[in-house]
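Here are my notes on the model, as numbered points. Have the structure open while you go through them.

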Amino acid sequence: MPEGDTVWNTARALHRALAGGQLTASDFRVPQLATVDLTGAVVLESAARGKHLLLRFRAPADGPPLTLHSHLRMDGAWRAYAPGERWAARPAHTVRVVLRTSEAVAVGYHLHDLALVPTAEEATLVGHLGPDLLGPDWDPAEAVRRLAAEPNRSIAEALLDQTNLAGIGNLYKSELLFLRGISPWTPVRDVPDLPGMVALAHRLLMANRGRWTQSTTGSLHRGRTSYVYGRRSEPCRRCGATIRKRDQGERVTYWCPACQPGRD
């Protein structure tokens with residue numbers, strides 16, 4: 001599951017490639033947008049809202065500003081290419097959107113929840129999200145309030161709920177709880193210092209914003225970037241105990257049973 005910093009980086013890459021450019025062609029390969037033609041629209045900006053990506057346009061023919069919304073989920077991706085450059089990221093049958101300007105081609109692969117709405121109506125798509133860890137609306141007190149509103153919920157589940165705070169996925173959830181020494185199955189009511197946890201979540205994502213290699217350990221060397229995430233059956237970097245993993249559908253949790261004692 002892409003984390004908020006990955007989506008932020010993707011939005012920034014698209015902004016660099018497209019912003020200020022006028023679309024010379026658009027190709028939507030999903031039924032709900034198959035007849036849409038954005039030729040002539042000017043790309044105003046590419047922005048992230050939690051794990052949602054928003055491409056904003058000045059519509060052709062003096063229409064209202066428009067926003068193209070997409071969600072990456074587990075397998076989605078946007079890539080920007082130079083005109084004539086080979087699209088090498090994914091198989092052609094996974095392409096969902098192609099946007100062309102005179103200087104770039106943006107290709108969306110395996111995108112989810114695609115929608116085109118007037119920019120004034122963006123809230124219908126992302127208004128339910130909690131404070132964005134990487135956004136201008138970041139409000140730690142509100143994030144704490146939302147987390148605490150369901151005291152019986154497990155802290156791991158609460159952190160992944162994007163209506164509490166937007167941007168945390170499986171990686172940051174697992175690493176954050178390890179760094180705080182908290183079992184993923186601890187009820188929110190029993191988590192000491194929720195404000196401290198929220199502040200650490202913000203620092204972790206901010207530290208990785210702007211780079212594609214995510215690290216919570218301070219090292220960017222392969223195999224050394226995480227404490228527990230992706231390290232099932234390996235020794236804990238702190239105590240040597242065996243790291244454990246539990247799958248929950250598309251969600252997965254890694255933890256150290258010694259450093260994070262509690263019910264599991």
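1. Let's begin with Glu122, which is buried in this predicted model. Its relative accessibility comes out at 12%, and the cut-off for buried is under 20%. Its side chain is not on its own there: Glu122 and Arg56 meet in a salt bridge, with N to O at 2.6 Å. Glu122 sits in the loop between β8 and α2 (123-126), while Arg56 belongs to strand β3, so this pair ties together parts that are 66 residues apart in sequence.

2. Stay with Arg56 for a moment. Which other side chain does arginine 56 meet in a salt bridge? That would be glutamate 45, at 2.9 Å from N to O. Here the link runs from strand β3, home of Arg56, to strand β2 (residues 42-49), home of Glu45, and the two residues are eleven apart. Arg56 is buried, with a relative accessible area of 17%, whereas Glu45 is partly exposed at 31%.

3. Other salt bridges are worth a look too; the count for the model comes to 14. One of them joins Glu142 and Arg145, whose closest N and O atoms are 2.7 Å apart. Both are in helix α3 (residues 140-148), and because they are three residues apart, about one helical turn separates them. Arg145 counts as exposed, at 51% relative accessibility. Then there is a network of salt bridges that links Glu150, Arg153, Glu157 and Asp161.

4. Now for strand β4 (residues 66-71). Why is β4 described as largely enclosed by the rest of the structure? Because six of its six residues are buried. In a regular strand, side chains alternate between the two faces of the sheet. In β4, Leu66, Leu68 and Ser70 point one way, and Thr67, His69 and His71 point the other way. Residues on both sides are buried, the two histidines included.

5. The neighbours of β4 are easy to trace. Strand β3 (residues 52-58) runs antiparallel to β4, and six bridges join the two. His52 has His71 of β4 as its bridge partner. Strand β8 (residues 112-118) also pairs with β4 in the antiparallel sense, over five bridges. In that pairing, His69 stands opposite Ala115 of β8. Note that β3 is also the strand that holds Arg56, from points 1 and 2.

6. Backbone angles next. Most residues other than glycine have a negative phi. Asp113 has a positive phi of about 55 degrees, although it is not a glycine. Asp113 is placed in strand β8 and is partly exposed, with a relative accessible area of 39%. Ser233 has a positive phi as well, near 70 degrees. Ser233 lies in the loop between α6 (194-208) and β9. Is serine 233 buried or exposed? It counts as exposed, at 54% relative accessibility. I'd look at both residues when you check the backbone.

7. On strand β9 (residues 244-248), have a look at Arg244. Arg244 is partly exposed, at 34% relative accessibility. Its C-alpha is 7.3 Å from that of Pro257, with the two positions 13 residues apart in sequence numbering.

8. How many cavities of 30 Å³ or more does a search of the whole structure find? One. About 40 Å³ of space lies in the largest cavity. Its lining draws on Gly4, Trp8, Ala48, Gly50, Asp132, Leu133, Leu134, Ala166, Gly167 and Leu205. By class, the lining divides into six nonpolar residues, three polar and one charged. The charged one is Asp132, because Asp counts as charged, and glycine is counted among the polar residues.

9. Last, the record. The UniProt annotation "domain: Formamidopyrimidine-DNA glycosylase catalytic", from an unreviewed entry, covers residues 2-108. In the model, the end C-alpha atoms of that span lie 15 Å apart. Residues 2-108 are 14% helix and 37% strand.

How values were computed: Residues numbered from 1 in each chain as written. Predicted model: local features only at pLDDT ≥ 70, side-chain atom pairs only at ≥ 80, totals over all residues. Heavy atoms only, no water. 1 Å grid on protein atoms, 1.4 Å probe; cavity = no way out; pocket = protein on both sides within 12 Å on 5 of 7 lines; lining within 4 Å. Points joined across faces, edges and corners; volume = space filled by probe spheres on them. Buried < 20%, exposed > 50% of the residue type's maximum accessible area, 1.4 Å probe, protein only. Helix = DSSP H or I, 4+ residues; strand = E, 2+ residues; numbered from the N terminus. Pairing = 2+ DSSP bridges. UniProt positions renumbered as here; feature names shortened; annotations may be inferred. Salt bridge = Lys/Arg side-chain N within 4 Å of Asp/Glu carboxyl O.
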